[in-house]
Amino acid sequence: MNVFINDIPLIIKKNSEKVYKHKYDLILNPEDEFTSKDLVGDVLVRDVTDVFVDRLLRLMEVKKLKKLTSLTMLARKKSRLILHLKDQFRIVKAAGGLVVKQGKVLMIYRLGKWDLPKGKLKKEEDPGLGALREVEEECNIKVELGDKLPSTWHSYAYNGNKILKKTNWYVMRCLDDTVMKPQAEEYIEEVRWMTPQEALTVLESSYASIALVMRHYLSEMAGSSIKN
């Protein structure tokens with residue numbers, strides 16, 4: 001489960017999973033006293049409890065924690081902790097696509113950041129079909145659905161509600177982009193084909209969840225090239 005709270009990766013693992021302590025800048029126990037100023041770099045928390053999760057979310061509501069790179073939480077019961085985390089939010093489902101054409105990827109520029117085309121699913125809508133619909137609407141192109149990519153979960157506030165949005169991602173092949181244009185009513189200002197390196201460069205100042213999807217796709221492509 002790839003969770004991003006305020007664009008900070010929240011990594012949940014079982015206590016039994018191996019972690020390399022030397023990779024972390026700070027290691028905490030749930031009862032340890034700490035402030036937002038202590039959360040710098042990559043932080044590991046052992047034996048995480050529901051109370052700690054609640055405390056952390058309250059802290060992240062009022063503090064941006066700009067110096068926190070990632071937070072890894074070790075739990076005795078990983079699935080139960082995930083359920084508790086989800087219970088603190090209203091869940092919204094969405095889907096989107098990483099569109100490829102001749103070695104390039106399609107990026108959109110919306111609300112001051114580069115992104116991938118995506119949008120909310122309609123009630124009972126199939127995620128794959130919803131992803132196709134959203135990409136074609138937002139970019140005015142025709143695409144073909146490909147392999148599934150890792151889903152992401154990211155938080156935001158809307159009308160006083162805490163939202164956790166699950167986005168289902170798919171690789172898509174572009175069939176026709178002759179009339180490609182941004183969907184202005186969705187605040188999209190530009191649609192642009194980029195090389196993978198160009199995409200990674202602009203994503204350095206964009207959303208961590210989108211960068212994760214892009215890096216996963218490129219690593220899969222690199223692995224496929226080596227095998228072939």
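# A tour from strand β6 outward

Begin by selecting Ala94 and Lys120: in strand β9, Lys120 is the bridge partner of Ala94. The coordinates come from a predicted model, in which local features need a pLDDT of at least 70 and side-chain atom pairs count only at pLDDT 80 or more, whereas totals for chains, interfaces and linings use all residues. Residues are numbered from 1 along each chain as its sequence is written, and side-chain values use heavy atoms, with hydrogens and water left out. Helices (H or I, at least four residues) and strands (E, at least two) are DSSP runs, numbered from the N terminus.

**Stop 1: strand β6 and its partners**

Extend the selection to the whole of β6 (90-101) and to β9, which covers residues 118-120. These two strands pair in the antiparallel sense over 3 bridges; two strands count as paired if DSSP finds at least two bridges between them.

Next, add β11 (161-176). In which sense do β6 and β11 pair? They are parallel, and 11 bridges join them. To see one position in this pairing, select Val100, which stands opposite Arg173 in β11.

Keep Val100 selected and add β7 (104-110). Val100 has Val105 as its bridge partner in β7. The pairing of β6 with β7 is antiparallel and comprises 2 bridges.

**Stop 2: two hairpin turns**

Move along to Gln102, in the loop between β6 and β7. The hairpin formed by these strands has 2 residues between them, and Gln102 takes a positive phi near 50 degrees there. Most residues other than glycine have a negative phi. Is Gln102 buried or exposed? Gln102 is exposed, with a relative accessible area of 77%; buried means under 20% relative accessible area, exposed over 50%, and partly exposed in between (1.4 Å probe, protein chains only).

Now go to Asn6, in the loop between β1 (2-5) and β2 (8-14). In the hairpin of β1 and β2, which also leaves 2 residues between its strands, Asn6 has a positive phi near 55 degrees. Asn6 counts as partly exposed, because its relative accessibility is 33%.

On either side of this turn, β1 and β2 run antiparallel and are joined by 3 bridges. Select Ile5 and Ile8 to view one of the pairings, for Ile8 in β2 is the bridge partner of Ile5. Strand β1 also pairs with β10 (residues 142-158), in the parallel sense and over 3 bridges. Here Phe4 has His154 in β10 as its bridge partner.

**Stop 3: rings and charges**

Select Phe34 and Phe52. A search of the whole structure finds 2 aromatic pairs. The ring centres of Phe34 and Phe52 are 5.9 Å apart and their planes meet at 45 degrees, so this pair is tilted. Rings of Phe, Tyr and Trp (its six-membered ring) pair if their centres lie within 6.5 Å; planes under 30 degrees apart count as stacked, over 60 as edge-to-face and the rest as tilted. Phe34 belongs to the loop between β3 (26-28) and β4 (41-45) and Phe52 to helix α1 (residues 50-62), so the pair ties together parts that are 18 residues apart in sequence. Both Phe34 and Phe52 are buried.

Turn to Lys148 and Tyr170. The charged end of Lys148 sits over the ring of Tyr170, 5.3 Å from the ring centre; the criterion is that NZ of Lys or CZ of Arg is within 6 Å of the ring centre and within 35 degrees of the ring normal. Then select Lys162, which lies over the face of Phe89 at 5.4 Å from the ring centre.

**Stop 4: Met180**

Met180 is in the loop between β11 and β12 (188-194). Which residues does Met180 touch, not counting those up to four places away in sequence? They are Leu106, Cys139, Asn140, Ile141, Val191 and Trp193, where contact means heavy atoms within 4.5 Å. Met180 and Val191 are 11 residues apart along the chain, and their C-alpha atoms are separated by 7.7 Å. With 24% relative accessibility, Met180 counts as partly exposed.

**Stop 5: helix α4 and the annotated span**

Select helix α4 (residues 196-203), in which Ala199, Val202 and Leu203 are buried. Seen down the axis of α4, the buried residues fall within an arc of 100 degrees, so they line one face of the helix; the arc is that of the directions from the helix axis to the C-beta atoms.

Finally, select residues 90-216, which UniProt lists in an unreviewed entry as "domain: Nudix hydrolase". UniProt positions follow the numbering used here, feature names are shortened, and annotations may be inferred rather than shown by experiment. The span is 24% helix and 51% strand, and its end C-alpha atoms lie 27 Å apart.
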